[in-house]
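The following exercises concern helix geometry, burial and packing. Please work through each task with the structure in view before reading its solution.

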Amino acid sequence: MVALDADMNRDEDCDNIGLGCALEHFSEVEEVLNMLDNVKNIYNTPAFEVEYEKLYTILKQYYEQPHLLDPHLDKMLAKIMSIINDKTTPFELKHATFNYMYQIIRVRGYKVVVRHLPHEVSDLLTVLTYLEAQGPDDKETWRSRFVLLLWLSIVVIIPFHMSRLDGFAPDQPGAGTSKKLTVMERIFNICKTYALSKDSCAEASAYLASKFLIRSDVKELYMSSFFDWACDLHSNLQEENTIHYGVLAAVAAVLKHGKRDDLLPFTPKLLEWVTKQNYQQHKAMLVRKYGVKIVQRIGLTFLRPRVASWRYTRGSRSLAVTLGGSSAAAGDTEPLAAPPDDDDQDIPQEVEDVVELLLCSLRDDDTVVRWSAAKGVGRIGARLPALAAADVCDSVLVLFADNERDTAWHGGCMALAELGRRGLISPRQLRSAVRCAAAALARDEARAAGGGGGGGGLAARDAACHAAWAIARAYDAAALAPHADLLANSLIATACFDREINCRRAASAAYQENVGRHGLFPHGIDVLTAADFQSVGPRTHAYLVVAPTVASYPEYTRPLLDHLVTLKLEHWDCAIRDLAARALSKLTDKIPEYVATEVLPKLVKKTESIDLNIRHGAILGIGEAIYALSQADLPDGRKGDTLVDEELWARVRGLVGELRSRQLLRGLGGELMRQAACHCLAKLALARTPVQKEDTVDEWLNLIEECLSHEVQAIREKAIEALPHVFDQYLKDDNLLYGDVTAKQKRMQLVEKYCSQLGNTGVNGQFLRMGYARALGALPKFVLAEQMQLVIQSLIDCTKVTEVTLTWAEARRDAVVGLTEVCQTLGLGSGLERFVGEMRTALLECLSEYTVDMRGDIGAWVREASMTGLLSLCRQCAADAPQLNDAAAVRSVACGVAQQAVEKIDRTRAHAGRIFTALIYNDPPIANIPHHEALKRIFPCEEVEVRRSDEPETASESSAVVLWLFPGHTMPRFVQLLAFPAYRYHVLKGLVVSAGELTESLVKHTTQSLFSYLNTLHEDRQTMESICATITQVFADNLHVKRITGPMFNFLDRLLSSGSISPILEDSESTFALDILKYLQLELRGGKNIYKLLDSINVLCQLIQVGGVVMSRSLGQLMIYVCYADRYVRRCAAARLYEALTLYGDQCALEQEALDQVMTILAETDWEKDINELRPIRNEICDLMGIKRPVMKSKAQAL
């Protein structure tokens, strides 16, 4: 059922929602008006569906700004009405017009459009007649009925007694019978009929009933019978097949729009009925929603409308007054006038029942029900005496109990907002209300703990921001002054630290409202400038930039720190705990004394918790806090970590041992503990934590080494991060003793141990290699310099592919990364020059790794790391030792990267493209790049966005920039490298793979680029011959290499059929086609791969166009295939040969009669028959084409 509320017509599939508020006017109005004029010409043709879809596409752009249609509504509706009011218009055209009108209503909303519809007295019978002619169950015309019901809802408001429209007197004989129904009876029947429908017409009928039944001439006759009918129809709401949502909506709408005096006689019965149905326990959301609406309207009917004199006078309406302006506009500070209040009035007992039902619905599982209940509580509270309203407010505050679900907290916050914005929370209760809102802002539990739509407190926090916003608008500074600090701290903590962006922004908006209304928040304008709506959007920015800025104001520092320590370091989301720890580090320098003496002991205590989240956050927080303390300066010149007492230092140093002794490093929880512990060790080492026993360092190193071999990458990364800091802080002084060895000896032992693990081939060998390769790359320079040769050689050996380590591509990738990092750490001035050649050779070998397993081309990881390493090495040589960039080495690098830039994997191709342009535009320039200046013309600097290796990658907004992931951008540029012999072989090798792939977009752009380039070479015969010779060479060099030969057949098929090398194929002296045929036969020799045979058939058929010997041999090979053992191969060979002869038959030098006979035989023969029956037919074809009959080799001959 389509709802007719404010968000009634929002299309979830709208793909233009990103326009937001970017539109300025209804720019397509003329096009829409022309479509409305044209509907009479196309309504019964297929073009109507196209036009209707086009109208929908135009109008859905204005969902976010429907008011832009308002200036043009009259013109559009006038055209529609002219068609509908024309009595000669066919019904099919009217239905089509109503469909167009429905789309307009869908976007602009029915309440606005209805006001623009004609509502003359003459329109009533017209609309009524149209509606009665409709079939309520016709699924094709429901939009027509929907529009007519809305039209009727405005027409029935005519200020005349409807009996005047009847053609007979009410007391005339026959009146009221089926033949003579009054207009009122007819409309009443329509209301009931469509209220029972299952489509959108039910909601339109409810709107119609709310306008019709409240008429003075209708209410006395039909309102009672309508309510009786609705109650009888829903005598048992628990039976789903008897529920009619439209009837419930109609009852709620009549109660909303009717006059109190008219409705009061029916309310006791209606309340008894709705209470008896126990709607609040019903499983259907719509039943509960309409039940709440009916109940609240019944409650409002029992109470007289009034403005409560006891309510709190609204706060300042002028920012000038709030901000200290000299004067305010008249009325800005005056209280609203209210009539005298009668606090002694009797409250009917039924009102208490209504309030109780609404309070129960505040706990409902669906947000829409809770929201409706909250509005009901606010509306009824505004009509109650002060004491009764205070009781209602107290009942709402009860919802904020710790044992209540998040749904109750959410409903309570919305109710507080409704009560607050009406000023119905007394100053006595305001303190409790603010405390409850602050508690809701801090409520954030795991999603599994949140019931229904509460979602772990998300909805409650959002509603609490709304409550804070409403309270700011309703109360002045004097009333809010005692609670301002609590509200300010709660809102700013939510704005900075909430997990969800909508809650952060809602808190910022509520903070802004409070600052503007009463100005009590400390440093309000300055804080708001830092934590505005946009700034708090990105979560990381809110934690690490906005929060430290706000914390620089003393009033917010401790509350923000306490919020982090108490809530966010214990958060259920691991990412939030990590961010909270980093934010704690940023805030520590604001009050280091408090962190050292209060926060740190709390965090150490929390490491004893049995809750994994608490332990994990506490360990992260300890590391960040101690590091921040070590960097913080105290007023007396000391560092902040001197405030930490020795007992606390001992607990911190022994943290790893304590975790191990309690076996907290095992299992799934142990994975998080290991990451946190390694991160903490890194920060402790950076903070130069004093270590009194060498056993402590050994314990730390043991944990790091265990984590280096762990199968979880995140754990290895944390260990790699910690290791160099431990070495740098505790193993740098050669004279330090660790047991019987010096620090230098211990360093050497550890490096030797790490290098030995790079050759591990055990069960856990891959993860050992991955961890220790990256660990060696992360070691400090003074460690690597001592055993440079051992480290480099071990890493080079680890990059080699062996039989045992064939599928360990990740280990080889990490070895390449480690080797690159070692080079960057050591630099070329420390003796590294001796190993540059070996390292470059190893990296170039890695560039040719194409290992494949069930995950796909895993060798791509190694190739990508290798390209990065080669770029880094070339840059280092260019800067410090240009002579090491010799011509052969740089040429190999450039050619290898260029090949990767045209291969099939998008990610690898994009990476290679960036590496290639980085080589071209390096500063200082890399010498000996072949055709360097020509490459700069192909890849202009302004189009490739050259970045240094240490610059972050950002998305460009320029349309001229190359998008490396898209082959349409890269292939046309790299194909131009075929003009240079140095790159030709490698680029063609990559293009063969890409052009022979199955990915449509890649094949399309690759072949278009290549063939377009070849077409430009028809006058440059020498270059084209060289390219064709290179293709032949690639084929010859890669025989029986599955990665090349599979795509090669597809590539040749596309190349030969493209016509781009026609000068070569037509040249009788060229051996290109003959060579291709030779290598194709060599590739197929002895193989029984069906897919390869099928691909080769296409190439052989294309070679027929060459003529001569090539054609004869190709046809001979195809004749073997038409009698192949596999019937599918036979059928395909015959079908494709038929197609080839159709195209290239004139090249066969056959008489037309013989060619026709061959094609007839190929077409009419069933090539799936037995081979013995097919051989004579095949031989006949051979005779007709003048080629030798294939002869089976006997076993004796074969031997």
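The expected span of a helix is 1.5 Å times one less than its number of residues. The model used throughout is a predicted one.

**Exercise 1. Determine how the end-to-end reach of α9 compares with the expected span, and establish what surrounds this helix.**

Solution.
- Step 1. Helix α9 covers residues 201-212, which amounts to 12 residues.
- Step 2. From its first C-alpha to its last, α9 reaches 16 Å, close to the expected 16 Å.
- Step 3. Buried means under 20% relative accessible area. In α9, 11 of the 12 residues are buried, and the helix is mostly covered.
- Step 4. Among the buried residues of α9 are Cys201, Glu203, Tyr207, Leu208 and Phe212.
- Step 5. The packing partners of these buried residues are α5 (110-114), α7 (142-155), α8 (183-195), α10 (216-233), α11 (245-257) and α14 (285-302).

**Exercise 2. Describe how α11 and α14 cross, and which residues make the contact.**

Solution.
- Step 1. The two axes, those of α11 and α14, come within 9 Å and cross at roughly 20°.
- Step 2. Angles under 35 degrees count as roughly parallel; therefore α11 is roughly parallel to α14.
- Step 3. The crossing of α11 and α14 is left-handed.
- Step 4. On the α11 side, the contact is made by Tyr245, Leu248, Ala249, Val251, Ala252, Leu255 and Lys256. On the α14 side, Leu286, Val287, Tyr290, Lys293, Ile294, Arg297 and Ile298 take part.
- Step 5. By class, the residues of the contact of α11 with α14 comprise 11 nonpolar, no polar and 3 charged.

**Exercise 3. Is Gln675 buried or exposed, and which residues is Gln675 in contact with beyond its neighbours within four places in sequence?**

Solution.
- Step 1. Gln675 lies in helix α33 (residues 667-686).
- Step 2. The relative accessible area of Gln675 is 18%, so this residue is buried, the cut-off being under 20%.
- Step 3. With neighbours within four places in sequence left aside, Gln675 contacts Ala714, Ile715 and Lys718.

**Exercise 4. Assess the span and the surroundings of α54.**

Solution.
- Step 1. Helix α54 (residues 1090-1103) has 14 residues, which should span 20 Å at 1.5 Å a residue.
- Step 2. The end C-alpha atoms of α54 are 20 Å apart, in agreement with that expectation.
- Step 3. Because 10 of the 14 residues are buried, α54 is largely enclosed by the rest of the structure.
- Step 4. The buried residues of α54 include Leu1093, Ser1096, Asn1098, Cys1101 and Gln1102.
- Step 5. The buried residues of α54 pack against α51 (1042-1058), α53 (1072-1084), α55 (1108-1121) and α56 (1127-1144).

How values were computed
Residues numbered from 1 in each chain as written. Predicted model: local features only at pLDDT ≥ 70, side-chain atom pairs only at ≥ 80, totals over all residues. Heavy atoms only, no water. Helix = DSSP H or I, 4+ residues; strand = E, 2+ residues; numbered from the N terminus. Buried < 20%, exposed > 50% of the residue type's maximum accessible area, 1.4 Å probe, protein only. Contact = heavy atoms within 4.5 Å. Axes fitted to C-alpha atoms, helices over the stretch in contact; angles between N-to-C directions. Parallel < 35°, antiparallel > 145°, perpendicular 65-115°, else oblique. Left-handed = near helix turned anticlockwise from the far one by under 90°. Nonpolar A, V, L, I, M, F, W, Y, C, P; charged D, E, K, R; others polar.
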